[in-house]
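Reader: I would like to go through a protein model with you, from the overall make-up down to single residues. Could you show it first?

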Amino acid sequence: MRKWIKVLLILIILIIVAVAVVSFSIDGIAKRQVESAATTTLGVDTSLDSLSLGILRGSVKLRNLEVRNPAGYTAEHFFEMKDGQLVVSLGTLMGDKVVAPTLELSNLTINLEKKGGKANYEVITDHLKKQDTQDPNAQAGKKFVINDVTIRDIKVHAQMMPLGGKLTALDLVIPEIHVKNVGSAGDNGVAMQEVTNLIMKAVLTAIAKKAGGILPAEMLSDLSGQLDKLEAVPVEVIGDVSKAAGQVVEGVVGELGKSIEGIGNIGKDGKSGENPVNKVGEGAGKAIDDIGKGIFGDKKKK
């Protein structure tokens, strides 16, 4: 009897090990497919830290997707995503067409840079345009139908250096966007490359539509013009697009600049009795006070 128990335990252990090995192999294959699809679609190297295919829980989890910035631009990455989860119907997970109720992506960062007459997002949209001209049915691999793509917490870093102008740099936040019924137009769904295409266009479209009055007008007009060349993606933006926290730094620089300028002006109006050191001290003190209010809030208002 004990012998049969030992045999049974050994079989159970072997089965667990086999399932773990197979699962790890499938995760690795799926991870490489995501990386390859994104690299092909966007035209720049893309890496994914991990992909976990949960056959029993009916979901696919992704961690740390990084899309490199085109050569010649400041930021290391054009696009980063920290967390992603595809909730799938168990019956379709191992088939040729995967039906997913939701795809949720969160904690995204996108760097928009325009130097002179060329922008990094133009390199990306050029590749998206090539993708739009391809026959979606000719793309290999699994096909996907996703009822709702939800993208949350999108941080946008924008830098623009016009020819002969000054650098403009600012951050903004898009709380949430939705794209409905991805791949549902046909019976076959869409390949991973097309999913990547739609996600990138959705994020850029949300920025172009909702960042008016925040992004520099030249960059906004240029980005909208690039998107007009692509197949449109209907995007729903939830919440207001707003400037990110930290703009107080601009105010600090301004106050210190005024203080230094004040030193240079002493004596021009015949009133040279004011101590320039005190002038700088007052300006610096106000600047430090502004920092405190920006970080901790104005206690007088409480």
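Author: The conversation below moves from the whole chain to its pocket, cavity, core and some single residues. This is a predicted model, in which local features need pLDDT of at least 70, side-chain atom pairs count only at pLDDT 80 or more, and totals for chains, interfaces and linings use all residues. Residues are numbered from 1 along each chain as its sequence is written, and side-chain values use heavy atoms, with hydrogens and water left out.

Reader: How many helices and strands does the protein have?

Author: The protein has six helices and 10 strands. Helices (H or I, at least four residues) and strands (E, at least two) are DSSP runs, numbered from the N terminus.

Reader: And what percentage of the residues count as buried?

Author: Of the 302 residues, 39% count as buried. Buried means under 20% relative accessible area, exposed means over 50%, and partly exposed lies in between, with a 1.4 Å probe and protein chains only.

Reader: Among contacts between residues at least 6 apart in sequence, what share joins residues at least 24 apart?

Author: That share is 68%. Contact means heavy atoms within 4.5 Å.

Reader: Let us turn to the pocket. What volume does the largest pocket have?

Author: Its volume is about 780 Å³. Of the 35 residues that line the largest pocket, the closest to its centre are Ala30, Val34, Leu51, Phe144 and Met192. On a 1 Å grid over the protein atoms alone, a pocket is an open set of points with protein on both sides within 12 Å along at least five of seven lines, whereas a cavity is a set where a 1.4 Å probe fits but cannot get out; lining residues have an atom within 4 Å of a point. Grid points are joined across faces, edges and corners, and a volume is the space filled by probe spheres set on the points.

Reader: Which element gives the largest share of that lining?

Author: Helix α1 does, with nine residues. By class, the lining of the largest pocket divides into 29 nonpolar, five polar and one charged. Here Ala, Val, Leu, Ile, Met, Phe, Trp, Tyr, Cys and Pro count as nonpolar, Asp, Glu, Lys and Arg as charged, and the others, Gly among them, as polar.

Reader: How many cavities of 30 Å³ or more are there?

Author: The structure holds one, with about 40 Å³ of space in it. Val149, Val179, Val182, Val195, Leu198 and Ile199 line this cavity. Helix α3 (192-210) and strand β7 (168-182) each give two or more residues to the lining, and α3 gives the most, with three. The lining has six nonpolar, no polar and no charged residues.

Reader: α3 again. Why is it described as largely enclosed?

Author: Because 15 of its 19 residues are buried, α3 is largely enclosed by the rest of the structure. From first C-alpha to last, α3 reaches 27 Å, close to the 27 Å expected at 1.5 Å a residue. The expected span is 1.5 Å times one less than the number of residues.

Reader: Which residues does threonine 196 contact beyond its sequence neighbours?

Author: Threonine 196, in helix α3, is in contact with Ala38, Thr41 and Leu42, leaving aside neighbours within four places in sequence. Threonine 196 counts as buried, at 15% relative accessibility.

Reader: What about the largest nonpolar core: how many residues does it have?

Author: It has 65 residues, and those with the most contacts inside it are Phe79, Ile110, Leu112, Ile177 and Ile207. α3 gives the most to this core, with 10 residues. A nonpolar core is a set of buried Ala, Val, Leu, Ile, Met, Phe, Trp, Tyr and Cys residues joined through side-chain atoms within 4.5 Å.

Reader: How far apart are the C-alpha atoms of valine 149 and isoleucine 177?

Author: They are separated by 8.2 Å, although the residues are 28 apart along the chain. Valine 149 is found in strand β6 and is buried, with a relative accessible area of 4%. Beyond four places in sequence, valine 149 touches Leu103, Ile177, His178, Val179, Val182 and Ile199.

Reader: One last topic, backbone angles. What is phi of asparagine 64?

Author: Phi of asparagine 64 is near 55°, a positive value in a residue other than glycine. Most residues other than glycine have a negative phi. Asparagine 64 lies in strand β2 and is buried, at 17% relative accessible area.

Reader: And is asparagine 107 buried or partly exposed?

Author: Asparagine 107 is partly exposed, with a relative accessible area of 31%. This residue lies in strand β4, and its phi, near 60°, is positive.
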